[in-house]
Amino acid sequence: MAVQTVAGNATTAPVDLGPAAALSCRECGERFELGPLFACASCFGPLEVAYDLPTGSPEELRKRIEAGPDNIWRYAPLLPVPSGVAEKPNINPGFTKLVKADNLARELGVTGGLYVKDDSGNPTHSFKDRVVAIAVEAARAFGFTTLSCSSTGNLAGAVGAAAARAGLRSCVFIPHDLEQGKVVMAAVYGGELVGIEGNYDDVNRFCSELIGDPLGEGWGFVNVNLRPYYGEGSKTLAYEICEQLGWRLPDQIVIPIASGSQLTKIDKGLQELIKLGLVEDKPYKIFGAQAEGCSPVSAAFKAGHDVVRPQKPNTIAKSLAIGNPADGPYVLDIARRTGGAVEDVTDEQVVDAIKLLARTEGIFGETAGGVTLGVTKKLIEAGVIDPTLTTVVVNTGDGLKTLDAVSATSQATATIKPSLDAFRAAGLGTA
């Protein structure tokens, strides 16, 4: 239990965030007490949560996890959340389906086992529910009364829902031109929803300014001053995938890139499972997926660069449209360390992949899922992804949020009069 000053509130309070021990700088390693901090005071590097992880028998820890609830709180011993978190009012995301995609595997020529981790089954139909659930617990611990974020859409809805459930005020900020489905889903929870003229990077800069203003006092921005805790929610994807594979590491995993945080935290989760002895240590490869219209990490990977040059986004995959991804350099490190890659696909390939997943497995993924599967297909055809190995593709959200992407090519087959003769004349029902 640490004693921490809550920024903006000028008060001190005991903080219970379970096994979380400190914040550690990714760059210089300096450690800080738990608090609403996101940048190192010495080198300005990003901070992440450091833990006192459980000790003892891996078998006992596996049993403890398996006996837990069917949501992310089964992994509470590995997360920065207080004891008794499962009993608090929250939206309880996680433990979504890992679908064995045999039909899709045949289409792509994969023989080693192909799986889709389908996070569209979360409460607001995207993986963002995971990260927000962790951020809410940090916000409570630090005494924040308003939950906020900068968002490309899915996060806005997740924050609105989680704040409503937790009894907190919410005020979220989005680019002005988001898909209407995501705007409605973010607004329906009753919090304030503010459109900012510009792209996501403009929204994020505005939120950074608001944190330093008296207007932002008492506000927890899940992806800014609460970012170290928020990011830990993505680790639960790694935990679930391995548990659902029978406590095995996948050989290959393909992950979409927006800020890059999800990919880096999935890798962190896999490394933690290895360290705890919950899975056998063996090589695995991580692949990152971007849309061609916003592909700064892919461009850096292909050019052999260690830094990511920002781009102005122009893609239908708006949930991935972050032109200056904060975790881009770390994504490059992980892709290279594991023997993976970062690739991109055109908007046309995104749409084709959305329809391919729907046609083969009955999963309607949003544009980010189309990016991930499109890159998977492209890398298999290029011989980069090995079709004889176990491969997991991450679908992060529901296609109902991005209907515009496929509406032009997904219409009624025919419109006929209500008669059998008309049905026959249209040549229907005979395929």
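## A walk through the chain, starting at V342

V342 lies in strand β14. This is a predicted model, and V342 is a handy place to begin reading it. Is V342 buried or exposed? With a relative accessible area of 2%, V342 falls under the 20% cut-off, so it counts as buried. Leaving aside neighbours within four places in sequence, V342 is in contact with I257, G288, V297, S298, F301, K302, V331 and A335. V342 and S295 are 47 residues apart in sequence, and their C-alpha atoms are 9.3 Å apart in space.

**Helix α10**

Several of those contacts lead to helix α10, so to speak: V297, S298 and F301 touch V342, and V297, S298 and F301 are among the buried residues of α10 (residues 296–303). P296 and A300 are buried in this helix as well. What do the buried residues of α10 pack against? Their partners are β13 (285–291), α11 (328–338) and β14 (341–345). After α10 comes G304, with a positive phi near 75°.

**Strands β12 and β13**

Strand β12 covers residues 252–256, and five of its five residues are buried, so the rest of the structure largely encloses this strand. Side chains in a regular strand alternate between the two faces of the sheet. In β12, both faces are covered: Q252, V254 and P256 are buried on one side, and I253 and I255 are buried on the other. Five bridges pair β12 with β13 in the parallel sense. I255 has G288 in β13 as its bridge partner, and G288 is also one of the residues in contact with V342.

**The β4-β3-β5 sheet**

Elsewhere in the description, three strands form an open sheet in the order β4-β3-β5, with antiparallel pairing. Which strands stand at the edges? They are β4 (31–32) and β5 (47–51); each has a single partner strand, so one side of each is left without a neighbour in the sheet. Strand β3 (residues 20–25) is joined to β5 by five bridges, and the two run antiparallel. S24 stands opposite E48 in β5.

The two five-bridge pairings can be set side by side:

| Strand pair | Direction | Bridges | Facing residues |
|---|---|---|---|
| β12 and β13 | parallel | five | I255 and G288 |
| β3 and β5 | antiparallel | five | S24 and E48 |

Strands of a sheet pair through backbone hydrogen bonds, in either a parallel or an antiparallel sense.

**S261 in helix α9**

S261 is found in helix α9 (residues 261–275). Its relative accessible area is 7%, and S261 is buried. Which residues does S261 touch, not counting those up to four places away in sequence? S261 touches R227, G231 and D327.

**The chain as a whole**

Stepping back, the chain has 15 helices and 15 strands. For 431 residues, a compact globule would have a radius of gyration near 22 Å, and the chain agrees, with 22 Å. The C-alpha atoms fill a box of roughly 75 × 45 × 45 Å along the principal axes. Buried residues make up 57% of the 431 residues in the chain. Among contacts with a separation of 6 or more, 70% come from residues 24 or more positions apart.

As for the surface, the chain exposes about 17600 Å², and carbon and sulfur atoms supply 52% of this area. The side chains include 39 positive and 50 negative ones, and the centres of these two sets lie 3 Å apart.

Notes
Residues are numbered from 1 along each chain as its sequence is written. This is a predicted model: local features need pLDDT of at least 70, side-chain atom pairs count only at pLDDT 80 or more; totals for chains, interfaces and linings use all residues. Side-chain values use heavy atoms; hydrogens and water are left out. Buried means under 20% relative accessible area, exposed over 50%, partly exposed in between (1.4 Å probe, protein chains only). Helices (H or I, at least four residues) and strands (E, at least two) are DSSP runs, numbered from the N terminus. Contact means heavy atoms within 4.5 Å. Two strands pair if DSSP finds at least two bridges between them. The radius of gyration is taken over C-alpha atoms; the globule rule is 2.2 Å times the number of residues to the power 0.38. Accessible areas come from the Shrake-Rupley method with a 1.4 Å probe; for residues, only the protein chains shown count as cover. Lys and Arg count as positive and Asp and Glu as negative; His and the chain ends are not counted. The place of a charge is taken as NZ of Lys, CZ of Arg, CG of Asp or CD of Glu.
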